[in-house]
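Here are my comments on the model you sent, set out as numbered points. Please read them with the coordinates open beside you.

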Amino acid sequence: MRRPPAPQRRRLPGHRQRRRHSRHLRLRRRGAGSGAGPTGAGVSVGPGTGLGAANAVDGSEATRWSSDYVDPSWLVVDLGATYSISRVRLSWEAAYGRAYQIQTSPDGSSWTTVYSTASGDGGVDDLTVSGTGRYVRMYGTQRATQWGYSLWSFQVLGS
Ligand SMILES: [Ca+2]
C-alpha cells in the first residue's frame, strides 16, 4: 500500500561531520556535539523503506539508497532549517530515474518543483536550481530500469 510522504525523521548514523566548503549544507546528525541545528536533520523515503535511506546522505559514494521497485518513489531530506538552495547533486547507481523532479518545501507537505526531467540518463546530475525550503526531495515518477531509484549520494547546496 502506498503511503503519503509524511516526514519520517531518521537519525543519520555514521554521518561525517566535516564540510567540503562553507556553502555546502551537510546534513548533520543530531547531537554528538557536532553543532547540529536546533531541530536536527533527517531523511525519509517512500513508499516503503527501500534500502538504507541514510546511505544517500552519509557522505560516502560507496553506499547507496534504493527505493522500492515502484513509481512514484521519493527521498526527502530535512535540512533542519530553511535555506536558499542553489544546487542539487545526484549520483545515481545503475538503477536511475528516467523522469524525476527536484522539489522544495517549507513544511514537508506542500512542494514546489525547481527542476524536472523526463529524460534522465543516470550518472551524476549536478543541477543548478533556485529555491527556498527546509525540505528537498527527489520525486521519481518513471524508473529507467525494472529496479528502483538508487542513489549513491544526494547533496544539497545553498546558503
Ligand atoms: Ca552514500
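The points below go from the overall fold to the metal site, the nonpolar cores and the aromatic pairs.

1. The model is a predicted one, and the values in this note should be read with that in mind. The protein chain contains zero helices and seven strands, so that its order of elements, read from the N terminus, is simply β-β-β-β-β-β-β.

2. Of the 159 residues in the protein chain, 49% are buried, and the accessible surface comes to about 7,400 Å², with 48% of that area belonging to carbon and sulfur atoms. Among the contacts with a separation of 6 or more, 73% are between residues 24 or more positions apart.

3. The calcium ion has its protein donors at 2.2 to 2.7 Å, namely Asn 55 (O), Asp 58 (OD), Ser 60 (O), Thr 63 through both O and OG1, and Trp 152 (O). The six donor atoms subtend angles of 70 to 159° at the ion, and the arrangement is therefore irregular. For six donors to count as octahedral, opposite donors would have to be over 155 degrees apart and all others between 65 and 115. Since water is not among the atoms, the site may look incomplete.

4. The spacing of these donor residues in sequence is N-x2-D-x1-S-x2-T-x88-W. Thr 63 and Trp 152 thus link distant parts of the chain, being 89 residues apart, with Thr 63 in the loop between strand 1 (42–46) and strand 2 (65–66) and Trp 152 in strand 7 (residues 150–158). Thr 63 counts as partly exposed because its relative accessibility is 25%, and Trp 152, also at 25%, counts as partly exposed.

5. The largest nonpolar core has 25 residues, and those with the most contacts inside it are Trp 65, Leu 90, Ile 102, Met 138 and Phe 154. Two or more residues are given to this core by each of strand 1, strand 3 (73–92), strand 4 (97–105), strand 6 (124–143) and strand 7, and the largest share, eight residues, comes from strand 3. Another core, of five residues, lies apart from it and includes Trp 74, Val 76, Trp 111 and Tyr 135.

6. Ile 102 is a useful residue to inspect in the display. Leaving aside residues up to four places away in sequence, Ile 102 touches a set of residues including Val 88, Leu 90, Thr 112, Val 114, Leu 127, Val 136, Met 138 and Phe 154.

7. How many aromatic pairs does a search of the whole structure find? The search finds four. In one of them, Tyr 69 and Trp 147, the ring centres are 5.4 Å apart and the planes stand at 75°, so the pair is edge-to-face. This pair joins the loop between strand 2 and strand 3, where Tyr 69 lies, to the loop between strand 6 and strand 7, where Trp 147 lies, across 78 residues. Trp 147 counts as partly exposed, because its relative accessibility is 42%.

8. The rings of Tyr 100 and Tyr 115 have centres 5.9 Å apart and planes at 45°, so this pair is tilted; Tyr 100 is in strand 4 and Tyr 115 in strand 5 (residues 112–117), 15 residues apart. Tyr 100 is buried, with a relative accessible area of 0%, whereas Tyr 115, at 24%, is partly exposed. Together with Trp 92, these two tyrosines, Tyr 100 and Tyr 115, form one aromatic cluster.

Definitions and conventions. Residues are numbered from 1 along each chain as its sequence is written. This is a predicted model: local features need pLDDT of at least 70, side-chain atom pairs count only at pLDDT 80 or more; totals for chains, interfaces and linings use all residues. Side-chain values use heavy atoms; hydrogens and water are left out. Donors are N, O and S atoms within 2.8 Å of the metal (3.2 Å for Na, K and Ca); water is not among the atoms, so sites may look incomplete. Four donors count as tetrahedral if all angles lie between 85 and 135 degrees; four count as square planar and six as octahedral if opposite donors are over 155 degrees apart and all others between 65 and 115; anything else is irregular. Helices (H or I, at least four residues) and strands (E, at least two) are DSSP runs, numbered from the N terminus. Buried means under 20% relative accessible area, exposed over 50%, partly exposed in between (1.4 Å probe, protein chains only). A nonpolar core is a set of buried Ala, Val, Leu, Ile, Met, Phe, Trp, Tyr and Cys residues joined through side-chain atoms within 4.5 Å. Contact means heavy atoms within 4.5 Å. Accessible areas come from the Shrake-Rupley method with a 1.4 Å probe; for residues, only the protein chains shown count as cover. Rings of Phe, Tyr and Trp (its six-membered ring) pair if their centres lie within 6.5 Å; planes under 30 degrees apart count as stacked, over 60 as edge-to-face and the rest as tilted.
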